[in-house]
Structures are given as structure tokens and as C-alpha cells.
Amino acid sequence: MRTVNSLKELRTILRGYRQQEKTVALVPTMGNLHEGHISLVRKAAEAADIVVTSIFVNPMQFGASEDLDTYPRTLSEDQEKLCDAGTTLVFAPSAEEIYPEGLARHTRVVVPEVSDGHCGASRPGHFEGVATVVSMLFNMVQPDVAVFGEKDCQQLAVIRKMTQDLMLPVEVIGAPTVREYDGLAKSSRNGYLSEEERRLAPVIYQTLQATAAKIAAGREDFLELSQEAGDQLREAGLRLDYFNIANSQTLKPATREDKHVTLLAAAFLGTTRLIDNLSVTR
Ligand SMILES: Nc1ncnc2c1ncn2[C@@H]1O[C@H](COP(=O)(O)OP(=O)(O)OP(=O)(O)O)[C@@H](O)[C@H]1O
Ligand SMILES: CC(C)(CO)[C@@H](O)C(=O)[O-]
Ligand code: BAL
């Protein structure tokens, strides 16, 4: 496994693989890797001959008061895990390599509608930053397939829409959420939690499961259900960002006609913001 920092080097190596007619899979990450990321790499290795994993903490997708500076950077541990999981090439560029003229002067990709609501409402500009960097990664790596986690379900929907609208020749694959023993979705940000916060955190998934069970049993008063679920999270000591029930395809508010609905939640434990989601067929 090799690690490269420059686009020039990345392109030279990839040209070699293409000459050998190898297929390429991309797994974009922000590093500080856990078993969720590793599951994406394994899926990518099943889908293509070569796996490129990018590690880039993308400044464009962070809000001014968010954790860009403190986001954990653990490149050497990440490299070991990626090598074991079947990554061929790690692309770990600097912010200067990706945004040579700075963020303000950089072209941006906006994906309307699906970027609105949920995390898009609480993190203005976030999905613009994600869509911009992912479209650049697609252009830099030119993968046949790219793998993203369902844990970030709105992000996956944004990337699917962008890929379709811009006719990017990449197959986007979603991978199921990997969880801790107690149901908490694995996330780099779990590392920010104190012992007490970590003990409380599984209530997010438990509330998603309990609400999904009520929907499966026939409840369709989605607004009331969301409010009840939000109240449960607040009572457990979390600061609620949102608990929404949406059409699984469009991520717009669910209606009684929707067969597939997705429950999306975001909540703060102290200063740590965690997200999770669960889909249910009615
Ligand atoms: N628990 C998980 N299961 C499956 N995929 C995951 C999981 N956590 C993250 N991913 C996926 O890994 C990719 C890179 O995500 P990222 O590096 O932001 O990790 P993260 O743990 O979600 O970090 P953060 O805590 O910042 O949200 C994304 O496609 C994301 O959906
Ligand atoms: C897809 C991504 C790597 C883009 O920076 C990021 O949003 C993430 O880690 O999910
Ligand atoms: N996992 C999504 C990246 C972010 O929160 O910025």
C-alpha cells in the first residue's frame, strides 16, 4: 500500500493501473478510521481491483463554530488499518493541494432540495462543501465505483443526486451502518464523549428503533411521533437537534402514502453532535 499527498503523484499511479485495465473503487473519508470505514474498504475491494481511500478533513464542509481544528488526525494508525483491510492507495492531500486559492475563491457544487432540512438545516453550507469535495475526488481519482456509509444518509442522498445530475460516470454504493455492541453507530466523534455521555449515547438508536416499531405497527401520525421521540431524547439528557420522519427516497417529510420511511436523528451530548438513522417499510 502506498500513500500519496499530491494530485500529480496520484494521477501518475492511477494511469499505470488503468493501462493494466484495473477497475478502481474510491472510499472518501476524513480519517480517524474505525470499523465503519473498514467495512466500506472491504466492500470497495469486492467491487473493484484497486481501492483508493482518501483521507482529507475538508475545511469547506465545516461551519465556523464546528470542530475543524480539533478533528482527530491519526494518519499512521489509519494507514495500518487500511493496509490490513485491502486499500491499495491512500490519498492524503493537504488543504493547499485541494484549495490552492483558498475556500472563498473556489467553485462550489450545490445540490438543491435533498441538501435542505435535517443536517442541511442545522449545518448551513455543509452539503455544498461535501458535494464540492466529493465531485473533486471523483474527478481526481476517476473511480468506477465509490462507497459511502448509510450512517450519513442525507450525505449519501446528496451524493447520489449530484452524481446523477452531473452525469458522473461513477457507481455510488451505500454500505450499512456498523454499530457498537450497544447499538451506538460507530463514529469518529464518539471519541469526544465523556464516560457519562458515552453511557447515554445509545438512547439515540434505541429511540429510532422504538419509533420504527410503532410505525411498523401502523402508526402514521408522523409529526406527533417525531415530537414524542424528540421528547424522549431530551428527557434522557440530550440536546435535540432534530428527529424527523422522511420519505426514504426524497428525504422530504413522510406522508401516509409512503411505503418506505427513514427516521433521522441528530442530538448533542455536551458539545458532541451525533447523527443516526433507521429505515422502515410500512
Ligand atoms: N458506523 C459507520 N458505518 C458505516 N459507515 C460509516 C460509519 N461511520 C462513518 N461511515 C462512513 O465513512 C465515510 C467517512 O466518514 P467520516 O470519515 O466522516 O467518519 P465518521 O465516523 O462519520 O466521522 P464523524 O464522526 O465526523 O461523522 C462516510 O461515507 C461515512 O458515512
Ligand atoms: C464524504 C466525506 C469524506 C467528504 O469530505 C465526508 O463528508 C465524510 O467523511 O463523510
Ligand atoms: N461524516 C460526515 C462528515 C462531517 O460531519 O463533516
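Helices (H or I, at least four residues) and strands (E, at least two) are DSSP runs, numbered from the N terminus. The structure is a predicted model, in which local features need pLDDT of at least 70 and side-chain atom pairs count only at pLDDT 80 or more, while totals for chains, interfaces and linings use all residues. Residues are numbered from 1 along each chain as its sequence is written, and chains are lettered from A and ligands numbered from 1 in the order in which they are written.

A good place to begin is helix H2, which contains His37. UniProt lists His37 under "active site" in an unreviewed entry; such positions are given in the numbering used here, feature names are shortened, and annotations may be inferred rather than shown by experiment. His37 counts as buried because 26 other C-beta atoms lie within 10 Å, the classes being buried at 20 or more other C-beta atoms within 10 Å of the residue's own, exposed at 12 or fewer, and partly exposed in between, with C-beta atoms placed from the backbone.

Helix H2 (35-47) also leads to ligand 1, since H2 and strand E5 (145-149) each supply at least two residues of its shell. The contribution of H2, four residues, is the most that the shell around ligand 1 receives. Altogether 18 residues surround ligand 1, the closest being Gly36, Gly149, Lys186, Ser188 and Arg189, where a residue is near a molecule or strand if its C-beta atom, placed from the backbone, lies within 6 Å of it. This shell divides into six nonpolar, eight polar and four charged residues; Ala, Val, Leu, Ile, Met, Phe, Trp, Tyr, Cys and Pro count as nonpolar, Asp, Glu, Lys and Arg as charged, and the others, Gly among them, as polar.

Around ligand 2 stand Pro28, Thr29, Met30, Asn58, Gln61, Val130, Val133, Val134, Asp152 and Gln155, of which five are nonpolar, four polar and one charged. Helix H6 (126-141) and strand E2 (24-29) each supply at least two residues of this shell, and H6 provides the largest share with three. Ligand 3 is surrounded by Met30, Gln61, Asp152 and Gln155, a set made up of one nonpolar, two polar and one charged residue.

Gln61 is covered by the UniProt annotation "binding site", again from an unreviewed entry, and is placed in the loop between strand E3 (50-55) and helix H3 (75-85). With 21 other C-beta atoms within 10 Å, Gln61 is buried. Leaving aside residues up to four places away in sequence, Gln61 touches His126, Gly129, Val130 and Val133, contact meaning that two C-beta atoms, placed from the backbone, lie within 7 Å. Tyr181, by contrast, counts as exposed because it has 6 C-beta neighbours inside 10 Å; Tyr181 is found in the loop between strand E6 (171-175) and helix H8 (195-200).

Further along the chain, three strands form an open antiparallel sheet in the order E7-E8-E9, two strands being paired if DSSP finds at least two bridges between them. Its edges are strand E7 (239-247) and strand E9 (272-281), each of which pairs on one side only. Eight bridges join E7 to strand E8 (residues 260-269), and Phe243 has Ala265 in E8 as its bridge partner. Helix H9 (residues 203-216) lies across E8 and E9, running at about 20° to E9, whereas helix H10 (residues 222-235) lies across E7 and E8, at about 155° to E7; axes are lines fitted to C-alpha atoms, for helices over the stretch in contact, and angles run from 0 to 180 degrees between N-to-C directions.
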